[in-house]
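Thank you all for making the time this morning. Please have the sequence and the model open in front of you, and I will walk through them slowly.

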Amino acid sequence: MNYLLHIIIFIEIYIIAAVSLNLISGYTGLISVAHAAFYGIGAYIVALLALHFHTPFMLNLVLAIIGAVALATVVALPSLRLTEDYFIIATFAFQVIIYSVMNNWVSFTSGPLGLPGIPQPVIFGWVVDNHISFLVLGGILAILAYLFSWRIANSPYGRVLKGVREDEILAEALGKNTMRFKVTVFLVGSGLVAIAGSLYAVYITFIDPSSFTIDESIFMLSIVIVGGMGNLWGSVLGAVLLVSIPEILRFLGMPNSIAANMRQILYGLLLVLFMVFRPRGMIGEKR
Amino acid sequence: MLPQLLINGLIAGSVFSLIAIGFGLIYTTTRFFHFAHGAVYTSGAYFAYLFYIILHIPAYLAFPLAVVGASALGAGMELCVYRPLRRKNATPMVLLIASLGLFVILQNLISLFFGDDIKSIRTAPVEVGLPFLGARITPIQITIIVVSVILIIATALILKFTRMGKALRAVASNPQLAKVSGIEPNRTILFAFILGSALAGASAILIALDIDMTPTMGFPALMMGVVAVIVGGVGNIAGAAAGGFLLGIALHLGVWQISSKWQYAIAFGILLVFLLFRPQGFFGKRVRRVSL
């Protein structure tokens, strides 16, 4: 039973990550492979605050979002001046740099050893310490993140985002400051994924840099692509499938060492097959 | 200290150059980021391990065979995935995502078959290097530099003088014009994959002779190649080679002041500076992007 709850909690975490990445990559067409870095920043801020200052979870969560948004500003302003290909390369670069900081700034992040014993959250007297309560907390955060993203995607602002993706020059000709739209959506997406990171940190109670690598970024991107770019339901469905399918491998009695590789191979295969046969994903954008 | 760092930089740089040239060849003809190039690189080292250590084929045969293996793998990706995608008019973004998928698949297949531990194709014991201008350099390291330089020159000659090489340069500089001049784009792109992947395989074998191999060696190596291409100027073989050497030397001189664990961060810092202030690279010409 707890095993099932555990998987659902992970699905909730990845729903938050995927809808936020969908705003950036699906709606606005900015393929970013630095999403796991912001996910990690959220996790590290929550963990460090809780461990060193024993501040309450809600405050840490807000600070994590602010921290991720601040860092995203530093990443976005230079990177978004670049065209498509080079934007990806720039996000690659930031992903590697941020990972390297987590891994190497030992006095601050304790490096590859990670941060154990992150205290579980207490929210206005509600102690979140078992699977059920984490499921509820995760559910609330995932629904809020979804509604927030939905509101953005279906507002006039969201329509401009799509306009930027389809034809940036046309959008500019219509008087839209496309740079502003690209930067703000990048900040919003990065702030949202910090929530997913915070949830991950307090749920697992242990974080280390290996959870926030380029592979993790590619995994998040696979969820968005397999689910369908520019469709938030697609991201939810993608998260459910991509998190739960690999668990089947466990039931096939595959040893753990092989299962990890098989999981990655499966993700890679899905990416290639979807690109060849169904580049719009499972549920594509409504037209 | 300084001569030693320069020599280490030269060794790293010669390998970066090879990866950069291979990646650059493919990028300029296809116009998308072939990330799976990193996994093709890794496959070169593991093919060498398979042929030389597991199958006991003599080195003079095993290593060329491994290069052929890597080359065939790169060509296979082009034929089985990229070409069908291009036929469907896929955007560069779709091709890029597919190549990320291929990268993940290949890297994990390698780790599945060979395991995650460090493998070695070194047979001779590690020796103290020969003294050279106040630094030390091992015979293997000399081999790396010499072979790399030979391969770089050979590639330059192929591009300059052979029919396929000229076609490749034509497609790189203007695909439409090349097509109306009767150059078959698909054949040229395939040639770019064969040549580029062979260079990647060769560079991986060279590096494995010096510092062994792991299944994850490809990603950082590829990234160094990409940085070298951008630093040197996209679409310019000499630039890519020079970019590789510059990057290798910069990283190793950096180690003098900063701990080597920050190597990748430094490399990407350099990349960002170039992307922002000189996206055409050291040697590239400035092009105004015109689009409507």
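Let me begin with a question: in which loop of chain A is the place of Ser110(A)? Ser110(A) sits in the loop between helix 5 (106-109) and strand 1 (122-123) of chain A, where helices (H or I, at least four residues) and strands (E, at least two) are DSSP runs numbered from the N terminus. Its phi is near 55°, a positive value in a residue other than glycine. Ser110(A) is partly exposed, with 16 other C-beta atoms within 10 Å; a residue counts as buried if 20 or more other C-beta atoms lie within 10 Å of its own, as exposed if 12 or fewer, and as partly exposed in between, with the C-beta atoms placed from the backbone.

Before I go further, a word on how to read all this. This is a predicted model, in which local features need pLDDT of at least 70 and side-chain atom pairs count only at pLDDT 80 or more, while totals for chains, interfaces and linings use all residues. Residues are numbered from 1 along each chain as its sequence is written, and chains are lettered from A and ligands numbered from 1 in the order in which they are written. The model scores ipTM 0.84 and pTM 0.87. For chain B the mean pLDDT, which is the predictor's confidence in each residue, from 0 to 100, is 86, and 94% of the residues of chain B reach 70 or more.

Now to chain A as a whole. Chain A has 12 helices and 2 strands, and from the N terminus on its elements run α-α-α-α-α-β-β-α-α-α-α-α-α-α. Its radius of gyration, taken over C-alpha atoms, is 18 Å, close to the 19 Å that the globule rule (2.2 Å times the number of residues to the power 0.38) gives for 287 residues, so chain A is as compact as a globular protein of that length. Of those 287 residues, 50% count as buried.

Helix 1 of chain A, residues 2-27, deserves a moment. Its 26 residues should span 38 Å at 1.5 Å a residue, the expected span being 1.5 Å times one less than the number of residues, and its end C-alpha atoms are 36 Å apart, which agrees. There is nevertheless a kink of about 35° in helix 1, centred on Leu21(A), where the bend at a residue is the angle between axes fitted to the seven residues ending there and the seven starting there. After helix 1 comes Gly29(A), with a positive phi near 75°.

Most residues other than glycine have a negative phi. Besides Ser110(A), you may therefore wish to look at His54(A), which is not a glycine and has a positive phi of about 50°. His54(A) lies in the loop between helix 2 (35-53) and helix 3 (57-79) of chain A, and His54(A) is exposed, with 9 other C-beta atoms within 10 Å.

Turning to chain B, we find 11 helices and 2 strands, and buried residues make up 51% of its 292 residues. Its C-alpha atoms fill a box of roughly 60 × 45 × 35 Å, taken along the principal axes. Two residues are said to be in contact if their C-beta atoms, placed from the backbone, lie within 7 Å, and among contacts in chain B between residues at least 6 apart in sequence, 78% join residues at least 24 apart.

How do the two chains meet? Here 35 residues of chain B are in contact with 31 residues of chain A. Helix 3 (59-87), helix 4 (92-114), helix 9 (218-232) and helix 11 (263-277) of chain B each supply at least two residues of the side that touches chain A, and helix 4 gives the most, with 15 residues. By class, that side of chain B has 30 nonpolar, 4 polar and 1 charged residues, where Ala, Val, Leu, Ile, Met, Phe, Trp, Tyr, Cys and Pro count as nonpolar, Asp, Glu, Lys and Arg as charged, and the others, Gly among them, as polar.

Let me finish inside two of those helices. Phe103(B) lies in helix 4 of chain B and is buried, with 25 other C-beta atoms within 10 Å. Leaving aside neighbours within four places in sequence, Phe103(B) is in contact with Phe35(B), Ala36(B), Gly38(B) and Ala39(B). In helix 11 of chain B the buried residues include Tyr264(B), Phe268(B) and Ile270(B), and the C-alpha atoms of Phe103(B) and Ile270(B), 167 residues apart along the chain, are separated by 25 Å.
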